[in-house]
Amino acid sequence: AAAGGDSMAGDGEAPAANGAHGEDKKEDKKKEEGKGGRGGAQHQQRKRKEELLAPIASADLVRRIVDFFGLGPDFPVEQLLTSSETSNKIYFVSTAVHQLIKVDTRRQLKLVHAGVKMFEKNPTKNDVFDYRLRQEGVPFMLPFMSKRKVELDRADFSRLLADGRMLIEDIKTPGAKAEVHAMEGGCILLLLRDERGVYTGPKTVFMAGWRGTYQLTLFVSKFEVQALMAKFAPTEDPASSLDAPPAAAPAAEAKPADAPPAAEAKPADAPPAAEAKP
């Protein structure tokens, strides 16, 4: 390699000096890239593969979440963790995972994923609490919620599910429009009102959404929308509906109560059969 460099240089030691200076520049460039250039970007990309979950640094943010959704005192706020200083995404983890992360003070635990995503920041121009509830996190928080819930009857629920949005003035469910008007803007949880008690408790049907100035908007993935629409879509075959009553047993053939059993008909004057003899 040195001989090749000399043959290209032509004369003297100047090219060798220039070549050494060029190597220094390359080393400096590599160091700069390692700090914030292309190499730095690759390093950041590798770092992002591991979730560095930690408690929410802002006590005011935790307080606002509790107040906004009306969370009861039994809700374990310490199990809400975030992966960034800005807390754009907030996760809910189990008690065991929380304890494991808590004792990992030296950050030796490599987390790929933990918990479920419960809140996500939804930047708005209005002065509203800009965190929305994620659909997958609803089952874990619903039992503790006392605010931001509105029940819709099947007609309004199905329409909102099909269109993805609905004007507040178009809500037909008795009492629901007034409840929405009384709420400030922000995240809202829409529940299916069921007078028969089928969709209650663990079977509660819900949709996470947003209460805007004039309308309600859903924040539900297209796959969940398809699943809910298939559940509530009318079908031609009543037996295929989840809400169809059980089929009645086939009616038995009606018979008169006093009818005697039919006797075998025989001729009245028929003589008894003679015994055959050889």
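This report walks through a predicted model of one protein, from its overall make-up to a strand and a group of charged side chains.

**The whole protein**

Let us start with the broad view. The protein has 278 residues, and 30% of them are buried. Its secondary structure comprises 9 helices and 10 strands. Looking at contacts between residues at least 6 apart in sequence, 62% join residues at least 24 apart. The protein exposes about 19,300 Å², and carbon and sulfur atoms supply 55% of that area.

**Strand 8 and its partners**

A good place to look next is strand 8, which spans residues 186-192. This strand is mostly covered, with 7 of its 7 residues buried. Strand 6 (residues 149-152) runs parallel to strand 8, and 4 bridges join the two. Here you can find Leu152 standing opposite Leu192 of strand 8. Strand 8 also pairs with strand 9 (residues 206-211), this time in the antiparallel sense and over 6 bridges. In that pairing, Cys187 stands opposite Trp210 of strand 9.

**A network of salt bridges**

Now for the charged side chains. Side chains of opposite charge can pair when their charged atoms come close. In this protein the count comes to 9 salt bridges. Glu120, Arg132, Arg134 and Glu136 are linked in a network of such bridges. The table lists the pairs within this group, with the distance between their closest N and O atoms.

| Pair | Closest N and O atoms |
|---|---|
| Arg132 and Glu120 | 3.5 Å |
| Glu120 and Arg134 | 2.4 Å |
| Arg134 and Glu136 | 3.1 Å |

What does the salt bridge between Arg132 and Glu120 join? Arg132 lies in strand 5 (residues 131-133) and Glu120 in strand 4 (residues 116-121), so this pair ties together parts that are 12 residues apart in sequence. Glu120 also forms a salt bridge with Arg134. Because Arg134 sits in the loop between strand 5 and helix 6 (138-141) while Glu120 is in strand 4, that pair ties together parts 14 residues apart in sequence.

Are the members of this network buried or exposed? Arg132 and Glu120 are both buried. Glu120 has a relative accessibility of 17%, and Arg134, at 18%, counts as buried too. Glu136, the partner of Arg134 in a salt bridge, is partly exposed, with a relative accessible area of 33%.

Note on methods: Residues numbered from 1 in each chain as written. Predicted model: local features only at pLDDT ≥ 70, side-chain atom pairs only at ≥ 80, totals over all residues. Heavy atoms only, no water. Buried < 20%, exposed > 50% of the residue type's maximum accessible area, 1.4 Å probe, protein only. Helix = DSSP H or I, 4+ residues; strand = E, 2+ residues; numbered from the N terminus. Pairing = 2+ DSSP bridges. Contact = heavy atoms within 4.5 Å. Areas by Shrake-Rupley, 256 points an atom, 1.4 Å probe, with all protein chains shown as cover. Salt bridge = Lys/Arg side-chain N within 4 Å of Asp/Glu carboxyl O.
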